[in-house]
Amino acid sequence: MIEWREQGILLAVRRHGEANAIIEVLTRDHGLHAGVVRGGASRKQAPLLQVGAQLDLTWRARIEDHIGSFVVEPVRSRAVPIMADRAALAALQSVAALLTTCIAERQPVEEVHDRTYALLDTLARQPDWPQLYAQWELSLLADLGFGLDLSCCAVTGVTQQLRYVSPRTGRAVSQQGAGEWADRLLPLPLFLLMGGDASAQETADALRLTGHFLRQWLGPTLTRSNALDARDQAARAIVGQMVKAAGTPTG
Amino acid sequence: MPDAPLDDLIGLLARLPGLGPRSARRAALALVRKRRVLLEPLAAAMADVAEHARECLICGNIGTSERCDICTDPKRDPTTLCVVESVADLWAMERAQVFRGRYHVMGGTLSALDGIGPEDLNLPRMAQRIADDSVTEVILALGATVDGQTTAHYIADMLEDRGIPVTSLAQGVPVGGELDYLDDGTITAALSARRQMR
């Protein structure tokens with residue numbers, strides 16, 4: 001019998017038969033991992049198995065290739081505190097959809113796990129969580145091998161005044177290097193490079209940027225699993241909420 | 001080994017929720033033994049339901065006519081609309097015998113990951129009812145789940161321009177519940193929704 005114990009973030013729950021559930025969790029050492037939870041669809045356990053929940057997991061299987069079964073202990077819920085926030089709920093679903101679709105199963109993904117853990121704990125709690133979400137998407141692209149090169153201008157080589165990203169190559173372009181092509185490039189909001197506060201317009205630009213490359217490089221995979229829909233809904237909800245709060249329309 | 005018709009009956013019963021092959025065998029035996037008082041009335045009731053059961057054209061409840069009893073009851077308040085996820089939820093609300101308005105069954109919840117969008121739910125019919133029936137309050141009785149609350153937010157946004165109060169069911173300590181046995185999520189929700197005692 002193979003067994004391990006670790007904490008993980010619940011990303012997906014599917015009913016399995018009448019009383020059981022198959023869950024997918026993101027753990028630090030065992031990556032994205034699925035398993036059966038006996039009684040997971042029961043009246044007692046189902047409320048605890050909400051996407052985003054932090055769980056203490058014990059996984060057992062007879063051989064490594066089996067799906068195996070989880071014994072779960074709830075550590076804390078992340079969904080409940082954000083139930084009243086539509087954008088945060090949508091972001092949580094987007095994170096879960098992107099990870100369950102893009103991450104290879106059972107491969108350790110320490111950085112992805114740590115970033116996701118940190119992001120989910122900020123949802124609806126920190127005012128800058130929409131910017132952190134955009135940065136999380138940017139990092140996810142890099143983790144998946146599709147990182148953007150934002151170190152210097154692809155045209156002039158300068159490292160200052162980087163204002164755009166080429167939609168084809170994913171390389172940064174400076175204000176000067178863009179020239180008359182500026183309107184064909186994707187705006188690069190400063191907070192993606194330097195951190196800090198961002199307006200609704202800058203956040204919308206950041207999500208447009210990451211959305212473009214998620215679509216370009218992972219489009220077929222994400223579309224097949226509806227993850228792109230979840231991600232786009234989150235982007236719309238985040239920008240919509242920021243615009244509403246600021247009272248200014250985005251371009 | 002049962003005969004073929006009995007075997008078919010057991011096979012069909014075993015497909016019902018809550019029944020497995022063993023309990024289906026027991027149910028089939030009980031039906032056969034109580035032919036007059038159970039099997040024949042059950043067969044007649046099932047044939048009747050099979051012929052007449054249908055979805056109410058207004059609210060989505062299941063009844064035996066085009067408009068269910070709730071939608072045609074003149075004592076029901078047509079200006080208060082309670083939105084529920086499924087017929088099972090509607091029946092649960094009715095068991096409480098507290099709500100005297102009318103219902104609208106969504107037929108599910110939004111779930112981007114499962115590919116369930118607004119076009120898959122009974123949203124247009126709900127919007128039409130709200131416009132036609134002069135609804136003055138919409139109560140969202142949707143599950144306290146991620147999908148349930150996402151759907152609730154979607155409906156609340158959809159109705160924002162109409163200026164109708166949109167309320168949702170409270171979340172918190174269940175009747176008879178003790179704090180020690182509650183999960184942290186429920187306690188958080190209960191604390192957020194605390195109310196003044198005097």
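Which residues of chain A does UniProt give for the feature "domain: DNA replication/recombination mediator RecO N-terminal"? The exercises below start there. Keep in mind that this is a predicted model.

**Exercise 1. Locate the annotated part of chain A and compare it with the domain assignment.**

Step 1. The UniProt record, an unreviewed entry, places this feature at residues 1-75 of chain A.

Step 2. Check the secondary structure. The span is 60% strand and 0% helix. Its end C-alpha atoms lie 25 Å apart.

Step 3. Turn to the domain assignment. Chain A has domain 1 (2-77) and domain 2 (81-150 + 188-246).

Step 4. Relate the two domains. Their C-alpha centres are 24 Å apart. In contact across the boundary are 23 residues of domain 1 of chain A and 20 residues of domain 2 of chain A.

**Exercise 2. Test whether the length of helix α3 of chain A fits its residue count.**

Step 1. Count the residues. Helix α3 of chain A covers residues 129-143, which makes 15 residues.

Step 2. Work out the expected span. The rule is 1.5 Å times one less than the number of residues. For this helix that gives 21 Å.

Step 3. Compare. The end C-alpha atoms of the helix are 20 Å apart, which agrees.

Step 4. Look at the surroundings. The buried residues of α3(A) include Trp129(A), Tyr133(A), Trp136(A) and Leu140(A). Among the elements that cover the buried residues are α1 (86-102), α2 (110-122) and α6 (200-224) of chain A.

Step 5. Look past the end. Just after α3(A), Gly145(A) has a positive phi of about 90°.

**Exercise 3. Find what three salt bridges connect.**

Step 1. Recall the principle. Side chains of opposite charge can pair when their charged atoms come close. The structure holds 17 salt bridges over all chains.

Step 2. Take Arg76(A) and Asp121(A). Their side chains meet in a salt bridge of 2.7 Å, N to O. Arg76(A) lies in strand β5 (residues 69-76) of chain A and Asp121(A) in helix α2 of chain A, so the pair ties together parts 45 residues apart in sequence. Arg76(A) is partly exposed, at 23% relative accessible area.

Step 3. Take Arg115(A) and Asp143(A). The closest N and O atoms of this salt bridge are 2.2 Å apart. Arg115(A) is in helix α2 of chain A and Asp143(A) in helix α3 of chain A, so the bridge links parts 28 residues apart in sequence. Arg115(A) is partly exposed at 28%, and Asp143(A) is partly exposed at 33%.

Step 4. Take Glu160(B) and Lys244(A). Their closest N and O atoms are 2.9 Å apart. Glu160(B) sits in the loop between α7 (146-158) and β6 (166-168) of chain B, while Lys244(A) is in helix α7 of chain A, so this pair joins two chains. Glu160(B) is partly exposed at 44%. Lys244(A) is exposed at 58%.

Step 5. Look for a network. Salt bridges with shared partners join Glu137(A), Arg215(A), Arg231(A) and Asp232(A).

**Exercise 4. Decide how the buried residues of helix α6 of chain B are arranged.**

Step 1. List them. In α6 (residues 123-132) of chain B, the buried residues are Leu123(B), Met126(B), Ala127(B), Arg129(B) and Ile130(B).

Step 2. View the helix down its axis. The buried residues of α6(B) fall within an arc of 160°, so they line one face.

Step 3. Explain the spacing. An α-helix has 3.6 residues a turn, so residues three or four places apart point the same way.

Step 4. Check the other side. There, Pro124(B) and Asp132(B) are exposed.

Step 5. Name the cover. The buried residues of α6(B) are covered by elements including β3 (77-84), β5 (137-141) and α7 of chain B.

Step 6. Move on along the chain. Ser134(B), which follows α6(B), has a positive phi near 50°.

**Exercise 5. Place Thr151(B): is Thr151(B) buried or exposed?**

Step 1. Thr151(B) is in helix α7 of chain B.

Step 2. Buried means under 20% relative accessible area. Thr151(B) has 1%, so Thr151(B) is buried.

Step 3. Leaving out residues up to four places away in sequence, Thr151(B) touches Thr109(B), Leu110(B), Leu121(B) and Leu142(B).

Conventions: Residues are numbered from 1 along each chain as its sequence is written. Chains are lettered from A and ligands numbered from 1 in the order in which they are written. This is a predicted model: local features need pLDDT of at least 70, side-chain atom pairs count only at pLDDT 80 or more; totals for chains, interfaces and linings use all residues. Side-chain values use heavy atoms; hydrogens and water are left out. Helices (H or I, at least four residues) and strands (E, at least two) are DSSP runs, numbered from the N terminus. Buried means under 20% relative accessible area, exposed over 50%, partly exposed in between (1.4 Å probe, protein chains only). Contact means heavy atoms within 4.5 Å. A salt bridge is a side-chain nitrogen of Lys or Arg within 4 Å of a carboxyl oxygen of Asp or Glu. The arc is that of the directions from the helix axis to the C-beta atoms. UniProt positions are given in the numbering used here, feature names are shortened, and annotations may be inferred rather than shown by experiment. Domain bounds come from an automatic or database domain assignment.
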